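Me: Can you walk me through a structure? I'd like to start with the charged side chains and then move on to the strands.
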Amino acid sequence: QVQLVESGGGLVQAGGSLRLSCAASGRTFSIYFMSWFRQAPGKEREFVAAIRWSGDSPYYADSVKGRFTLSRDNPKNTVYLQMNNLKPEDTAVYYCAADLQNCFSSGCYAQRHRYDYWGQGTQVTVSS
């Protein structure tokens with residue numbers, strides 16, 4: 001079992017910044033990918049960013065590339081999503097997720113069905 005707890009959401013004006021945190025506990029040694037997804041009202045949950053628990057650079061959705069930065073602190077079992085230059089279209093509930101299976105095919109980390117554990121979500125609202 002892996003438990004994920006997100007924090008850091010809130011209301012911000014367009015152009016502003018927020019940092020989301022996701023703290024993992026439990027069988028963290030089993031984690032291969034830690035990722036963020038988001039879901040806006042009336043839309044499907046979509047991939048935002050992913051990072052291998054050990055090694056490699058993060059992966060990003062095209063919509064956030066250059067604005068969002070995903071990092072990890074392994075001793076704290078925590079990943080951080082720094083979101084800069086936020087836009088109204090970034091408004092969504094953001095979910096942290098953990099994948100306990102490794103994969104190497106292109107874009108496999110973006111497939112939400114792969115993820116075994118999810119956090120409760122944190123609301124991000126960007127006003128225009």
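Reply: A term before the count: a salt bridge is a side-chain nitrogen of Lys or Arg within 4 Å of a carboxyl oxygen of Asp or Glu. By this rule the model, which is predicted, has six salt bridges.

Me: ok, which residue forms a salt bridge with Arg 38, and how far apart are the closest N and O atoms?
Reply: Asp 90 does, and the closest N and O atoms are 2.9 Å apart. Arg 38 sits in strand 4, while Asp 90 is in the loop between strand 8 and strand 9; the two are 52 residues apart, so this pair links distant parts of the chain.

Me: Is Arg 38 buried or exposed?
Reply: Buried: its relative accessibility is 5%, and the cut-off for buried is under 20%. Asp 90 is buried too, with a relative accessible area of 0%.

Me: what other side chain does Arg 38 have a polar contact with?
Reply: Glu 46, at 2.7 Å.

Me: and what does Arg 38 touch, leaving out residues up to four places away?
Reply: The list includes Val 48, Ser 63, Val 64, Phe 68, Ala 92, Val 93 and Tyr 94. Glu 46 and Asp 90 are among the touched residues as well.

Me: Back to Asp 90. Where does Arg 67 lie, given that it forms a salt bridge with Asp 90?
Reply: Arg 67 lies in the loop between strand 6 and strand 7. The closest N and O atoms of Arg 67 and Asp 90 are 2.7 Å apart. Because Asp 90 is in the loop between strand 8 and strand 9, the pair ties together parts that are 23 residues apart in sequence. Arg 67 counts as buried, at 9% relative accessibility.

Me: Which residues are linked in the network of salt bridges?
Reply: Arg 38, Glu 46, Arg 67 and Asp 90.

Me: what about Glu 44, which residue does it meet in a salt bridge?
Reply: Arg 112, at 3.8 Å from N to O. Glu 44 is in the loop between strand 4 and strand 5, and Arg 112 is in the loop between strand 9 and strand 10, 68 residues away. Glu 44 counts as exposed at 61% relative accessibility, whereas Arg 112 is partly exposed at 37%.

Me: Switching to strands. How do strand 4 and strand 5 pair?
Reply: In the antiparallel sense, over six bridges. Phe 33 stands opposite Arg 52 in strand 5. The hairpin has six residues between the two strands, and Gly 42 there takes a positive phi near 80 degrees.

Me: is strand 5 covered or not?
Reply: Mostly covered: six of its seven residues are buried. Strand 5 also pairs with strand 6, again antiparallel, over two bridges. In that pairing, Ala 49 has Tyr 60 of strand 6 as its bridge partner.

Me: And the open sheet, what order do its strands come in?
Reply: The order is 1-3-8-7, with antiparallel pairing. Strand 1 and strand 7 are the edge strands, each pairing on one side only. Neighbouring strands of this sheet are turned by 15 degrees against each other on average, direction ignored.

Me: how many bridges between strand 7 and strand 8?
Reply: Six, in the antiparallel sense. One example is Thr 69, whose bridge partner in strand 8 is Gln 82.

Technical notes
Residues numbered from 1 in each chain as written. Predicted model: local features only at pLDDT ≥ 70, side-chain atom pairs only at ≥ 80, totals over all residues. Heavy atoms only, no water. Buried < 20%, exposed > 50% of the residue type's maximum accessible area, 1.4 Å probe, protein only. Polar contact = N/O pair within 3.5 Å; in protein donor to acceptor, adjacent residues only side chain to side chain. Contact = heavy atoms within 4.5 Å. Pairing = 2+ DSSP bridges. Helix = DSSP H or I, 4+ residues; strand = E, 2+ residues; numbered from the N terminus. Axes fitted to C-alpha atoms, helices over the stretch in contact; angles between N-to-C directions.
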